[in-house]
Structure formats: C-alpha cells, structure tokens
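Q: Please take a close look at a single loop in this model and at what surrounds it. I would like one connected account, with the cut-offs behind each term.

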Amino acid sequence: MGRKSLYLLSVGILLAYYVYTPLPENFEEPWRMMLFNTYLKSAVHLATFLEMLGLNHLMDSMMIGMSFDEVPPTSDENVAVTETTFNHIPVRVYVPKRKSEALRRGVFYIHGGGWCLGSAALKGYDSLSRWTADRLDAVVISTDYRLAPKYHFPTQFEDVYNALKWFLREKVLAKYGVNPERVAVSGDSAGGNLAAAVTQQRCGWTRSPPVRSSWIA
C-alpha cells in the first residue's frame, strides 16, 4: 500500500508539473493555454531525452512533432490559397476571392520559431494568414526560410530578403493585383526580428516601392 501511494504521489506531482501553469485571473481560456503548455513541455523533454541518447538532434525531433500540425494549402469560399516559390524560397499565397476595383494591399508575413522551428504550413500561421487576407482584403505572402541548426544565420535573413525582393518586382505585384505603395512586412517572434531587419535593409537600398514594417514581439 505504501508503494502504491508513493507511485500515486509521483504521478500527481508529474501531472501538476506538466499541466498547471499560473495565469492571471482575467486570462481568457486558461485551459487552452495550459494544454498548449503541457504539449510544449512534453515535446521539449522528449526531444531532449532523445538527444541525450544520441538518437536525434533536439530541433529535428521538435520539427517532426510540429509537422503533425501542418495543413495543406486549401482554398475556401473567401480566400484562394496556393503554394509557389519566390526566388527558390517556398511561400504560401493567400488571395481574397471577392472582386476588387482597386489594387489590393500586400502583406509579407514571416513566421516565428527562433529561426529553428516552424513553417508557413502550420495550422496557426495558415489560419492567421487566411484571416488577414479576408479581413483586410489583402494579398498575404507567408514565407518559409531555411532553418538552424542545419543552416546558420544569416541564411534565414537572406532567404526572407530574397523572397521579399522577388515579391516587390513589378511583374509579380501586377500578377497578384497588389498596390506597390501599400506593402507591409510583418512577423511574430523571431519572424518579427526578420521583418524589421529586411525592411531596414530594403529602405536603406531603395525608395521605390515603399515598404512599411510591423511585427508582433
């Protein structure tokens, strides 16, 4: 009986460690955040354990886990979604289906992940890009880039910058019906840093077309 109690206590402590996350009282949907945090902790610890055994690199294991959250480029009644490459960099393009008499705004979006994880195909990024395209009536370009540790910085910056330069070409903007004077660069987390860096580089080299930068830290 004592051994069973010890096992039960150990399991309870582990569950509390993985599930419980202190959050503010006014936090919306706390259980969703706790579940996400549980998934993240479990994935990181499992990946770390595999790396300690010499079976796989931590980031490679994390990418395998994240790949299960990827979704195909699926169009809906509001937005047409396609995949292509800009200067050999994979991108996902979101174009509103409703007709527009004027040229649309353009949003060049860079995903986060510490330059080591993630892709434009992840469900969260796909949903955000789809929502942005529909809500703003804008053409959204969600770009990928080569990831560390296989590719070291500044490869990530160079990939994103080259994809942005391709998007800003006159023929490409015309193809997607984008106003060259209304293009924004945005991103989240590490993608926000890349958004700021490529915009500064672009504005330092040329004044046409103008590019606005915004990012979510």
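A: The account below starts with the whole chain and then turns to the loop and its surroundings. This is a predicted model, in which local features need pLDDT of at least 70 and side-chain atom pairs count only at pLDDT 80 or more, while totals for chains, interfaces and linings use all residues. Residues are numbered from 1 along each chain as its sequence is written, and side-chain values use heavy atoms, with hydrogens and water left out.

The protein has seven helices and six strands, where helices (H or I, at least four residues) and strands (E, at least two) are DSSP runs numbered from the N terminus. Read from that terminus, the elements follow the order α-α-α-β-β-β-α-β-α-α-β-α-β, and the C-alpha trace spans about 75 × 35 × 30 Å along its principal axes. Of the 217 residues, 37% count as buried; buried means under 20% relative accessible area, exposed over 50%, and partly exposed in between, with a 1.4 Å probe and protein chains only.

The loop in question runs between strand S3 (104-110) and helix H4 (123-136), and Leu 117 lies in it. With a relative accessibility of 15%, Leu 117 counts as buried. Setting aside residues up to four places away in sequence, Leu 117 touches Met 59, Met 62, Met 63, Met 66, His 111, Gly 112 and Leu 147, a contact being heavy atoms within 4.5 Å. Trp 115 shares the loop between S3 and H4, but at 24% relative accessibility Trp 115 counts as partly exposed. The phi angle of Trp 115 is near 65°, a positive value in a residue other than glycine.

Two of the partners of Leu 117, Met 62 and Met 66, are among the H3 residues that meet helix H2. The axes of H2 (residues 30-52) and H3 (residues 58-67) come within 8 Å and cross at roughly 140°; axes are lines fitted to C-alpha atoms, for helices over the stretch in contact, and angles run from 0 to 180 degrees between N-to-C directions. That angle makes H2 oblique to H3, since under 35 degrees counts as roughly parallel, over 145 as roughly antiparallel, 65 to 115 as roughly perpendicular and the rest as oblique. From H2, the residues involved include Tyr 39, Leu 40, Ala 43 and Val 44, and on the H3 side they include Leu 58, Ser 61 and Gly 65. By class, this contact of H2 with H3 has nine nonpolar, three polar and one charged residues, with Ala, Val, Leu, Ile, Met, Phe, Trp, Tyr, Cys and Pro taken as nonpolar, Asp, Glu, Lys and Arg as charged, and the others, Gly among them, as polar.

On the other side of the loop in sequence comes H4, which holds Ser 129. Ser 129 is buried, with a relative accessible area of 2%, and, leaving aside neighbours within four places in sequence, Ser 129 is in contact with Tyr 94, Tyr 109, Val 140 and Ser 142.

A further loop, between strand S4 (138-143) and helix H5 (155-167), contains Pro 149, and Pro 154 is found there too. The peptide bond from Ala 148 to Pro 149 is cis, with omega near 5°, and the bond from Phe 153 to Pro 154 is also cis, with omega near 20°.
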